[in-house]
Each structure stands twice: as C-alpha cells, then as structure tokens.
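Reader: Before I plan anything around the bound molecules, I would like to go through this model with you, one site after another. Could you show it to me?

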Amino acid sequence: MSIKNWTKEEIMEVYNTPLMELIYRASEVHKQHHTIGEVQISSLLSIKTGGCPEDCAYCPQAARYHTEVKVHKLMSVPEVSEAADNAKAGGASRMCLGAAWREVRDNKDFDKVLDMVKTINSKGLEVCATLGMVTEDQAKKLAEAGLYAYNHNIDTSEENYNNIISTRTYDDRLNTIDNVRKAGLTVCSGGIIGMGESEKDRVGMLYTLSLLRPQPESVPINALVAVEGTPLEDQPPVPIWDMVRMIATARIVLPKTAVRLSAGRLSMSMEGQALCFMAGANSIFAGEKLLTTPNPLYNQDMEMFRILGLTSKKAFADVKAEEVAG
Ligand code: SAM
Ligand code: DTB
Ligand code: SF4
C-alpha cells in the first residue's frame, strides 16, 4: 500500500480533532503497524560538548550564548566503549552519539568517531549519530563503519526556521537528510515544540516530514528544555495536551515510523507520558542525562514501564542473533 500524500490542511484537521477522538484514531493506526506497549529505549551520549559555532536559539551548546554548559573536546574511544557497556547493561538497544558540530570535517576526529561506531556496533547495539551536516561520502563512511541511523532534525516548519536559526538553511538540513538516505542509512528526523511557534508551524513540520520518501524511520518530538542563557530561556513549558496532539498527529501521518517522546520528559507526569504512549509514541531516550540537560532517572523509567506494562524493544542485532539460534 502506498503512503498517502497529506496536505497541510488535512494535517491541520487531524491536529485539531477533539482530543479523545484524536488519541483513539492514533491508537488504531499504532495497533495496525506496531506492537502495542513495545517501546524502544535509546541512550544518548554527548561525545563532544559545547562550543558550537551555530546560533540555534534553543541550544545550550551554542558558543555565543552564556550557559552553564562546559566545553568538552571529543571523547576517547575507550571512554565511549565503557559508556556503551553501561547503556547495554541498562537495557538500551540503541545508542546515539551527539556532537556539538556544525558539520563533519574529514579529519582525525571523524576517524575517531568511525572507530566509536565500529566499537559500539560490535557490542550488538544499534548505533545512531547526530554530528551536524554530512556529505554523501561522509555518510557512506559512517554506514561502512556500521552506523544504523543518522539523526538530523528539521526542528520546525520551513516558514519558522529563520526565527530559530540563521547560520544554516532549511535546505541545508534537507540536503543532509538526502545524503544520509543516499548512503543507505536510516533517517531519524523530527523537531521541537514550545519555541513560540504557531500551530501552523507544528503542522508544517509534520507536513515536511510526511512528504519524505521513504518517510523517516524515526521521528523525535522534543518539548523545549528552556535553558538559562539561551534566547528561548523564558519560553513557558509546553502543555502536555500539545505534546499528546503532536505525537498523535505524527503517528497518523507517519504510520510506520518510530515516534520518539524525546526531550522534556522530566517535566511530564507519568500520566501525561502514558497518554503520549497511547497516542503512538513508541520510543524514548533513557538515562539520567540527554546531551547536557537532565532526564528522568533510569529506575524511575523502569517503574513507569512496570506500571504501564511497557516492554523494551530489542536491538535489531539481538533479534537477528536469536533468529539464527532458532
Ligand atoms: N549539532 C548537531 C545538530 O544540530 O544537528 C547535533 C546535536 S543537536 C543538540 C540535536 C538536536 O537536539 C537539535 O536538532 C534539537 O532538535 C535538539 N535540541 C537541542 N537543544 C534542545 C533543547 N534545549 N530542547 C529540546 N531539544 C533540543
Ligand atoms: C533529538 O531529537 N533529541 C535529542 C537527540 N535528538 C540528539 C537531544 C535533546 C537535547 C536536549 C538538550 C540537551 O540535553 O542539551
Ligand atoms: Fe550546534 Fe547542534 Fe546546538 Fe545547533 S543544535 S547549536 S548545531 S549543537
């Protein structure tokens, strides 16, 4: 069955459906394409922190804002290997490496990242990376090293993009996503709500994502973590109802995609998160830190999994090994 080409008007109609009906519809789509209650756990690791030349208004790692983030040069391969062991012991099936870079450069640091990818991959974890813009050639090298997915968010609608970032364009972002695809990697791309955007912008972002062919395998929906020192420090918290609406709409327009309830969970109740899972979220970042900001404690998340009857999705590599073993 071919994927529907949604119009902005149709997506807006979905977004504005009465909430209970919207959750019900999203839940039906979810059941058709996914296992209810199965949630993928990803672990995040900031391998190079702060000092970024870009001006993303939400980001505590941009060098030009005065935040409490301490700059840290690229981690060593053994340090990353140890972090991967800990993430695996904690039940993560995917590990995402983040670097505060504008773009990847062909230098020793990139070679080191390729080594990190090989090392984590050999442990049976899916490896994902988010390193800024990449060329097709760099994406191919990452794929050869065993990278599973590349995260590159479009962040908001095309119309709102310039209000949030001026140091690169929407087309730059789409171009990197295209390079990632051409290299045969899976695509992870989503955005943030709570930056002062309109409903039209939220719908516009989902519209752009829904039109990608193939659609992204995973779409993170972040609630802004307003960090002191960034231009968005005074943004009020996103109402949980907006998050539920956004996730439900994403689930309906991106039926097969893993929709990730990403940043901002620390400010959400367990009941609020339960509604997000009901509306089709089937992936989270677990571990006490996202890249630079806090996230719920691992034990708290495990308690939530127990209470809600959620199970963690196995890594692709582990499922394959079990199939082979019979
Ligand atoms: N530098 C790379 C880039 O921008 O693609 C990779 C790292 S960057 C921190 C990855 C994503 O994290 C951003 O695209 C944004 O969507 C998200 N993010 C950053 N700061 C955030 C914040 N304060 N609240 C919510 N999401 C945030
Ligand atoms: C994504 O969409 N969210 C993650 C991941 N991709 C790299 C990052 C969230 C960062 C939140 C702010 C911080 O901790 O610095
Ligand atoms: Fe740099 Fe990425 Fe933060 Fe933008 S989001 S300032 S590119 S680390």
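Reader: Which residues surround ligand 2?

Author: A residue is counted as near a molecule if one of its heavy atoms lies within 4 Å of it. By that criterion the shell of ligand 2 is made up of L44, P60, T130, N151, N153, P220, N222, F285, L290, L291, T292 and T293.

Reader: What should I know about the source and the numbering before I read further?

Author: This is a predicted model, in which local features need pLDDT of at least 70 and side-chain atom pairs count only at pLDDT 80 or more, while totals for chains, interfaces and linings use all residues. Residues are numbered from 1 along each chain as its sequence is written, chains are lettered from A and ligands numbered from 1 in the order in which they are written, and side-chain values use heavy atoms, with hydrogens and water left out.

Reader: How does the shell around ligand 2 divide by class?

Author: In this scheme Ala, Val, Leu, Ile, Met, Phe, Trp, Tyr, Cys and Pro count as nonpolar, Asp, Glu, Lys and Arg as charged, and the others, Gly among them, as polar. Applied to the shell of ligand 2, this gives six nonpolar, six polar and no charged residues.

Reader: Which side chains place a polar atom by an oxygen atom of ligand 2, and how much of the ligand does the protein bury?

Author: A polar contact here is a pair of N or O atoms within 3.5 Å (within protein, one must be able to donate a hydrogen and the other to accept it, and residues adjacent in sequence count only if both atoms are side-chain atoms). Polar side-chain atoms lie 2.6 Å from a ligand 2 oxygen in the case of T292, 2.8 Å in the case of T293 and 2.9 Å in the case of N222. With areas taken from the Shrake-Rupley method with a 1.4 Å probe, where for residues only the protein chains shown count as cover, ligand 2 taken alone exposes 410 Å², of which the protein buries 89%.

Reader: Is N222 buried or exposed, and in which strand does N222 lie?

Author: Buried means under 20% relative accessible area, exposed over 50%, and partly exposed in between (1.4 Å probe, protein chains only). N222 has a relative accessible area of 12% and is therefore buried. Helices (H or I, at least four residues) and strands (E, at least two) are DSSP runs numbered from the N terminus, and the strand that holds N222 is β7.

Reader: Where does ligand 1 make polar contacts, and how much of its area is covered?

Author: Two of the contacts involve the backbone, where an N or O atom of A99 lies 3.2 Å from a nitrogen atom of ligand 1 and one of W101 also lies 3.2 Å from a nitrogen atom of the ligand. An N or O atom in the side chain of N153 is 2.9 Å from an oxygen atom of ligand 1. Of the 550 Å² of accessible area that ligand 1 has on its own, the protein covers 90%.

Reader: How many residues surround ligand 1, and which are the closest?

Author: The shell divides into nine nonpolar, five polar and three charged residues. In total 17 residues surround ligand 1, and the closest are Y58, N153, D155, R173 and V225.

Reader: What is notable about the backbone of D155, and is D155 buried or exposed?

Author: D155 lies in the loop between β4 (149-151) and α6 (161-164). Although D155 is not a glycine, its phi is positive, at about 70°. Its relative accessible area is 2%, so D155 is buried.

Reader: Which residues surround ligand 3, and what space does ligand 3 take?

Author: Around ligand 3 are C52, E54, C56, Y58, C59, A62, A100, W101 and R168, a shell of seven nonpolar, no polar and two charged residues. On a 1 Å grid over the protein atoms alone, a cavity is a set of points where a 1.4 Å probe fits but cannot get out, and a molecule sits in one if more than half of its atoms lie within 2 Å of its grid points. Ligand 1 sits in the largest cavity, as does ligand 2, and the space taken by ligand 3 is the largest cavity.

Reader: Which peptide bond is cis, and where is P214 placed?

Author: The bond from R213 to P214 is cis, with omega near -10°. The place of P214 is in the loop between α8 (199-211) and β7 (218-223).

Technical notes. 1 Å grid on protein atoms, 1.4 Å probe; cavity = no way out; pocket = protein on both sides within 12 Å on 5 of 7 lines; lining within 4 Å.
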